Amino acid sequence: MIWRFGLFESTFAPLVSTHWALCIALGFPFLMGLLAALFPPKRMWPVALACLPVLASGWVLLSAYDQAGLLRWQWDVAGVSLSLRLNGLSVLLLLTTQWIGVAAALYTPGSLRLSEPQPLSRWLWPLMGVLLSALSLIWLASDLLTLYVALELMGLSAVGMLLLSGKVAALLAGMRYLLLALVGSLAYLLGVALILGHWGRLDLQGLAAVVEPGPVAWIAAALIGAGLALKAALFPMHGWLSPVHGNAWTPVSALHAALVIKASLFMLLQLWSILLPDTFYAPRVIALLGMLAIVWGGLLAWRTDSLKTLVASSTVAQLGYLMVVFPLLLGPDIAPLPRALAWEGFWLQLIGHAFAKAAMFMAAGNLILATGESTLKGLAGTSRRLPLSLLIFGVASVTLMGLPPSSGFTAKWLLLEAMLISQQWWAVAALLTGTLLTAAYVFRMFRYSFDDSAPRHHYQPLAPGMDLIALSLALTAFGLGLLAHFTLALMRGGGV
């Protein structure tokens with residue numbers, strides 16, 4: 001499966017324009033974040049202007065991939081080889097990161113203006129820039145050292161963004177998140193040290209050629225897997241997730257749930273495809289935990305009275321869908337057709353969930369800002385005054401439930417087809433159970449919102465564009481189901 005990650009030799013050398021686009025995609029978010037820290041934007045239009053070069057770089061890289069196929073960059077620094085590659089999957093994830101990052105940046109001025117003023121809020125911008133640059137680097141990196149640097153930059157910036165609110169609960173959640181992230185990084189580093197000591201390689205392409213099944217590969221995979229699973233909040237190591245989102249600013253939660261935890265999952269699947277090719281037990285353990293995550297996360301979301309906890313707990317369940325697919329991607333004796341269907345469904349589910357979850361957090365943030373209430377019961381009667389925010393929440397929920405014609409429906413259709421062909425009946429049952437639980441906690445939220453008997457005397461007006469930004473993300477997740485052939489064509493071309 002490693003060819004699907006672009007771990008093979010490229011035919012064409014990158015053009016000069018591609019070099020510039022790469023530099024802008026990786027460095028411009030951080031530079032603009034520093035500028036915004038010095039001159040914090042109060043309106044949306046300066047942010048939009050600053051984001052245009054980033055979006056342009058993504059389209060240039062997409063065009064370069066469309067014309068030349070796989071592209072590779074490699075540098076030797078102090079005797080260490082650092083390498084990047086651009087294939088169909090990486091450019092797709094890069095574009096997803098840029099669009100969600102731009103949406104979060106556009107949403108931020110209005111969100112900060114309506115929130116309680118904090119003296120450190122200006123530093124949200126450079127931290128957001130570091131986060132987006134690190135995420136872009138993770139999708140492109142093809143050596144273990146670059147992946148580690150990007151992973152650490154992403155984790156530290158995410159922790160810093162959480163601590164900026166200054167609340168006691170946020171500080172406690174942030175310090176616990178930092179501690180667990182450092183434990184995950186230590187486990188990852190131990191796995192990398194074992195790989196380097198035994199095989200003497202850090203580049204993924206060379207490593208794939210020399211790795212042999214055995215105790216060293218199994219132990220390294222276990223260490224790396226445990227560290228990345230902790231960072232990705234995979235069940236049962238998800239306990240830090242809800243407190244983090246419960247105390248974070250809305251754009252921080254949107255970026256974290258949509259992209260940050262997905263990056264660790266991406267690295268886990270990529271590295272296990274090298275260290276554990278066609279292994280039997282490890283993917284099935286992940287799948288079993290995924291089944292439990294679907295049920296447990298759904299029940300947590302159904303039982304909670306906090307709106308942000310509901311959205312955060314649903315992330316645990318939605319990650320369970322991706323965990324259940326691991327035996328189809330890494331397991332032995334899987335026919336080419338179900339493996340290909342599972343590959344396409346996995347990434348379409350991940351990308352659709354990223355857009356939908358970012359939109360859902362923004363809609364939840366809008367409801368909380370407008371009403372001053374964070375509980376489901378406190379949202380009673382909001383349908384009369386905040387119909388657009390509720391509509392956004394509903395459109396995003398359609399993708400999470402997997403209703404047609406959303407990306408969630410198309411992704412689950414592909415996954416179910418792969419599971420039926422390979423007779424993975426337990427996985428089919430898990431997906432259907434998760435869909436019912438998702439509907440249960442979503443409709444519970446709407447039951448309170450449409451309680452017209454509840455009085456509501458004061459609503460804080462939202463800043464212009466906050467609902468429209470969230471709506472664009474929700475409609476993107478919805479429309480990806482209708483335009484899935486473009487997304488799937490990129491992934492299929494990853495090995496050309």
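## The largest pocket, helix α18 and aromatic pairs

In this predicted model, the largest pocket holds about 570 Å³ of space. Its lining comprises 22 residues, and those nearest the centre are Trp59, Trp99, Phe355, Thr476 and Leu480. Helices α2, α3, α14, α18 and α19 each contribute at least two residues to this lining, with α3 giving the most, seven residues. Sorted by class, the lining of the largest pocket has 17 nonpolar and five polar residues, and no charged ones.

Helix α18, one of the contributors to the pocket lining, runs over residues 466–482, and its 17 residues should span 24 Å at 1.5 Å a residue, which agrees with the 25 Å between its end C-alpha atoms. Among the buried residues of α18 are Met466, Asp467, Ile469 and Leu480, and the elements covering the buried residues of this helix include α2 (44–68), α3 (88–114), α14 (336–371) and α19 (484–492).

The model has 15 aromatic pairs, two of which are set out below.

| Pair | Distance between ring centres | Angle between planes | Geometry |
|---|---|---|---|
| Phe326 and Phe346 | 6.4 Å | 65° | edge-to-face |
| Phe409 and Trp413 | 5.8 Å | 45° | tilted |

Phe326 lies in helix α13 and Phe346 in helix α14, so their pair ties together parts that are 20 residues apart in sequence. Phe326 is buried, with a relative accessible area of 0%, and Phe346 is likewise buried at 0%. Phe409 and Trp413, by contrast, are four residues apart in helix α16 and hence separated by about one helical turn; Phe409 is partly exposed at 29% relative accessible area, whereas Trp413 is exposed at 53%. Phe326 and Phe346 also belong to one aromatic cluster, which includes Phe5, Trp139 and Trp347.

Notes:
Residues are numbered from 1 along each chain as its sequence is written. This is a predicted model: local features need pLDDT of at least 70, side-chain atom pairs count only at pLDDT 80 or more; totals for chains, interfaces and linings use all residues. Side-chain values use heavy atoms; hydrogens and water are left out. The expected span of a helix is 1.5 Å times one less than its number of residues. Buried means under 20% relative accessible area, exposed over 50%, partly exposed in between (1.4 Å probe, protein chains only). Contact means heavy atoms within 4.5 Å. On a 1 Å grid over the protein atoms alone, a cavity is a set of points where a 1.4 Å probe fits but cannot get out, and a pocket is an open set with protein on both sides within 12 Å along at least five of seven lines; lining residues have an atom within 4 Å of a point. Grid points are joined across faces, edges and corners, and a volume is the space filled by probe spheres set on the points. Ala, Val, Leu, Ile, Met, Phe, Trp, Tyr, Cys and Pro count as nonpolar, Asp, Glu, Lys and Arg as charged, and the others, Gly among them, as polar. Rings of Phe, Tyr and Trp (its six-membered ring) pair if their centres lie within 6.5 Å; planes under 30 degrees apart count as stacked, over 60 as edge-to-face and the rest as tilted.
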